Amino acid sequence: QTCALPISWMAEAKQPTPGALRYLAVFAQLAGAGGTIRSVELSRAMGVSRPGVSKAVKLLQEQALVERT
């Protein structure tokens, strides 16, 4: 499973929470130019379980902050 930031993610953002901002910062750092990362990579970088990452990514997706591909 991979995640990607939509091109217009900044325009769509509705004041993300501090937790969401932490995920987005790590996500951006890991994604680099490719724009996608695997959930396991985000899990390792954040120091949280993969189910925790899945839940967080789902919330970010509901807020139109990331896309899951």
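Where is leucine 65 found? In this predicted model, leucine 65 lies in the loop between α4 and β3 (67-68). Its relative accessible area is 1%, and because buried means under 20%, leucine 65 counts as buried. Proline 16 is 49 residues away from leucine 65 in sequence, yet the two C-alpha atoms are 8.5 Å apart in space.

**Confidence**

The protein has a mean pLDDT of 79, with 78% of its residues at 70 or more. The two extremes among its elements are listed below.

| Element | Mean pLDDT | Rank among the elements |
|---|---|---|
| helix α1 (residues 9-12) | 50 | lowest |
| helix α3 | 90 | highest |

Where pLDDT is low, the predicted coordinates should not be read in detail.

**Helix α3**

Helix α3 spans residues 39-46, and its buried residues are Ser39, Val40, Leu42 and Ser43. These residues lie on the same side of α3, because the arc they cover around the axis is only 160°. Glycine 47, just after α3, adopts a positive phi of about 70°.

**Packing of α2 and α4**

Two packed helices are described by the angle between their axes and the distance between the axes. For helix α2 (residues 18-31) and helix α4 (residues 50-62), the axes come within 11 Å and cross at roughly 105°. The two helices are therefore roughly perpendicular. On the α2 side the contact is made by Ala20, Tyr23 and Leu24, and on the α4 side by Gly52, Val53, Ala56 and Leu60. Classified by residue type, this contact of α2 with α4 comprises six nonpolar residues, one polar residue and no charged residues.

Note on methods:
Residues are numbered from 1 along each chain as its sequence is written. This is a predicted model: local features need pLDDT of at least 70, side-chain atom pairs count only at pLDDT 80 or more; totals for chains, interfaces and linings use all residues. Side-chain values use heavy atoms; hydrogens and water are left out. Buried means under 20% relative accessible area, exposed over 50%, partly exposed in between (1.4 Å probe, protein chains only). Helices (H or I, at least four residues) and strands (E, at least two) are DSSP runs, numbered from the N terminus. The arc is that of the directions from the helix axis to the C-beta atoms. Axes are lines fitted to C-alpha atoms, for helices over the stretch in contact, and angles run from 0 to 180 degrees between N-to-C directions. Angles under 35 degrees count as roughly parallel, over 145 as roughly antiparallel, 65 to 115 as roughly perpendicular and the rest as oblique. Contact means heavy atoms within 4.5 Å. Ala, Val, Leu, Ile, Met, Phe, Trp, Tyr, Cys and Pro count as nonpolar, Asp, Glu, Lys and Arg as charged, and the others, Gly among them, as polar. pLDDT is the predictor's confidence in each residue, from 0 to 100.
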